[in-house]
Amino acid sequence: MSLELSGPEASRPYIDAASPDHPSLLDPTHQMDALFGVVNIPNVVWIDEEGVIVRPPEPGWPSPRSEMPKDMLGAMPELGRAPNAPKPPEDGPGQWGVLLSGQDRKTYADAIRDWAAKGADSEFALGADEVVARSQPRSAAMSEGAARFELANHLWRAGRRDAAIAQFVECHRLQPDNWTYKRQAWSLVGNERVGGDYGRWIQAPVAGEEADWPFESDFRSDVENVEAGGYYPKTI
Amino acid sequence: MILESLDITPDEFAEGTGWAIKPEGACKADVCVPLASGGSFDLLATADRLGMAVVHDAEAGLWAIGPESFGGHALVSAEAPELTLDDIDGTPFTLSSLRGQKVLIVSWAPY
């Protein structure tokens, strides 16, 4: 599921490159967030043959190997920070210390293979009550955050950029732990400013263009303020 | 769920939220939440009972209904919610069509 509101062309290069033999779908309104409790990417949900969830959304990877296109980093401009972004802690783990901690990328696929072979007897298959209990917390404020995200999404696609950004900002305040709500919004504005093949990966103001960045924070600043293991929590 | 008016039918509410209005209450998967008996469908009362935020953008003339929060978690049941999305060519695909197979849903994004 590609959680991207901009239409199929934003996702097409990646789907074409992967050439999957499984269904590959577009989720422009982030229904995975509202219906399942997805709050970050990549997130994986396990569902058994009866349509019962046996693991709620959690960070997961097919392998520890992760590669960026060779020309990607060279195409990235120097990035600044949102003027009001929280300062990084002096003794924090740093952006990469946070991003590479938590869920074990090496063993996640082994857990899936175990479940594929053993089904309900797998130690990784959870009971129904535990699935619900382990799904993301949701308060009334988070429901409002989701409603405002949907409004923002609708307004952006209708060409009402500034009204959409106002709703995104309020959404981020109400549900600060939802990274897809934040990354989607930052990416839209980053792509406006940089464009090209990798403009959607820009999730902060370009250096020197910080003043009119419309959000309270940016990707690096928020990640640096998460504890090690907090961005991709270890669940297996 | 985006609305231009709060005057919607129970079927429209079910289509947009996944919660069906039945005699026993608002129901999703194996969970039913009792509603006040009698009278016609009351969207605001139902949303309040389910902990769904109702947000009004007066300038845009739109309402948005958030997901349920009464259970304190994103999932109220382990039964997978129904979901229909388009593939890259615009062909709809429904999650429940995979019943009988194990399914992994991987959420990703080009950002």
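I count two strands as paired if DSSP finds at least two bridges between them. With that in hand, I looked up strand E1 (residues 43–47) of chain A and found that E1 and E9(B) pair in the antiparallel sense over five bridges. Within this pairing I picked out Trp46(A), which stands opposite Leu104(B) in E9(B).

Confidence came next, as this is a predicted model. I noted ipTM 0.96 and pTM 0.96. For chain B, I read an average pLDDT of 96, with 100% of the residues scoring at least 70.

Then I turned to the contact between the chains. I find 66 residues from chain A and 45 residues from chain B in it. On the side of chain B that touches chain A, strands E5 (54–57), E6 (62–65), E7 (84–86) and E9 (103–107) give two or more residues each. My old friend E9(B) supplies the largest share, five residues. By type, I sorted this side of chain B into 27 nonpolar, eleven polar and seven charged residues.

Is Ser11(A) buried or exposed? I call Ser11(A) buried because 24 other C-beta atoms lie within 10 Å, and the cut-off is 20 or more. I place Ser11(A) in helix H1 (residues 8–18) of chain A. Beyond four places in sequence, I see Ser11(A) touching Ser2(A), Glu4(A) and Leu26(A), along with Ile88(B) and Pro110(B).

Last, the largest nonpolar core: of its 80 residues, I found that Ile53(A) and Ala152(A) touch the most other members. Helix H7 (residues 140–157) of chain A gives the most to this core, eight residues. Leaving aside neighbours within four places in sequence, I list Ala164(A), Gln167(A), Phe168(A) and Cys171(A) as the contacts of Ala152(A).

Note on methods:
Residues are numbered from 1 along each chain as its sequence is written. Chains are lettered from A and ligands numbered from 1 in the order in which they are written. This is a predicted model: local features need pLDDT of at least 70, side-chain atom pairs count only at pLDDT 80 or more; totals for chains, interfaces and linings use all residues. A nonpolar core is a set of buried Ala, Val, Leu, Ile, Met, Phe, Trp, Tyr and Cys residues joined through C-beta atoms within 7 Å. A residue is buried if 20 or more other C-beta atoms lie within 10 Å of its own, exposed if 12 or fewer, and partly exposed in between; C-beta atoms are placed from the backbone. Helices (H or I, at least four residues) and strands (E, at least two) are DSSP runs, numbered from the N terminus. Two residues are in contact if their C-beta atoms, placed from the backbone, lie within 7 Å. pLDDT is the predictor's confidence in each residue, from 0 to 100. Ala, Val, Leu, Ile, Met, Phe, Trp, Tyr, Cys and Pro count as nonpolar, Asp, Glu, Lys and Arg as charged, and the others, Gly among them, as polar.
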